[in-house]
Amino acid sequence: QVQLVESGGGLVQPGGSLRLSCAASGSIAGVNVMGWHRQAPGKHRELVARISNRGGTDYGDAVKGRFTVSRDNAKNTAILQMSSLKPEDTGVYYCHLQLVGAAGAPTFWGQGTQVTVSS
């Protein structure tokens, strides 16, 4: 099993910045991908950003150029740096880790953290 602990988030004005972190622990081995999805009220969960332990990254179209995902493989920690935030970035951000190399490629989720962009 894998446990994910998220931190960061909160209230920020439009144009501001926030930083989310996600620390993973447990049975983590092989190729894996960490990242975030988000869900706004009344909307489907969507990809924000993800990064593999091989360094490859992927971003949702809505955040390209504004958000940056990074990770420390030694600590199994991922960071999401969010800049130029917009009201439409508001939602619950869920950290996830997928064990790509494991049977069934299971995905584990964090508890979620609220991000609110408002003046």
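# Strands and side chains, by question

Student: Which residue has its backbone nitrogen 3.0 Å from a polar atom of the S52 side chain?
Tutor: S52 has its place in strand 5, where a strand is a DSSP run of E with at least two residues, numbered from the N terminus. Its side chain offers a polar atom, and the backbone nitrogen lying 3.0 Å from that atom belongs to R54.

Student: Before we go on, what pLDDT do local features need here?
Tutor: Residues are numbered from 1 along each chain as its sequence is written, and side-chain values use heavy atoms, with hydrogens and water left out. This is a predicted model, where totals for chains, interfaces and linings use all residues, side-chain atom pairs count only at pLDDT 80 or more, and local features need pLDDT of at least 70.

Student: Is S52 buried or exposed?
Tutor: Leaving aside neighbours within four places in sequence, S52 is in contact (heavy atoms within 4.5 Å) with N32, V33 and R71. The scale calls a residue buried under 20% relative accessible area, exposed over 50% and partly exposed in between, using a 1.4 Å probe and protein chains only. S52 comes out at 14%, so it is buried.

Student: Which side chains make polar contacts with the side chain of R38?
Tutor: R38 sits in strand 4 (residues 32-39) and is buried at 5% relative accessible area. A polar contact is a pair of N or O atoms within 3.5 Å; within protein, one must be able to donate a hydrogen and the other to accept it, and sequence-adjacent residues count only if both are side-chain atoms. By that rule, the R38 side chain has partners at 2.7 Å and 2.8 Å, namely E46 and D89.

Student: Over which ring faces does R45 lie?
Tutor: R45 is among the residues in contact with R38. A charge sits over a ring if NZ of Lys or CZ of Arg is within 6 Å of the ring centre and within 35 degrees of the ring normal. R45 lies at 3.9 Å from one ring centre and 4.8 Å from another; the rings are those of Y94 and W109.

Student: Is K43 buried or exposed?
Tutor: K43 is in the loop between strand 4 and strand 5 (46-52). Its C-alpha atom is 9.5 Å from that of G91, 48 residues away along the chain. With a relative accessible area of 56%, K43 is exposed.

Student: Why is strand 9 (residues 91-99) largely enclosed by the rest of the structure?
Tutor: Strands pair if DSSP finds at least two bridges between them. Strand 9 pairs antiparallel with strand 4 over eight bridges, and M34 stands opposite L97 there. Three antiparallel bridges join strand 9 to strand 11 (residues 113-117), and three more antiparallel ones join it to strand 10 (residues 107-109). The enclosure is put down to burial, because the buried residues of strand 9 number seven of the nine.

Student: Which strands stand at the edges of the open sheet of four strands?
Tutor: The order of this antiparallel sheet is 1-3-8-7. Inside it, strand 3 (residues 18-26) and strand 8 (residues 77-82) pair over six bridges, with R19 opposite Q81. An edge strand has a single partner, so one side is left without a neighbour in the sheet; that describes strand 1 (2-8) and strand 7 (67-72).
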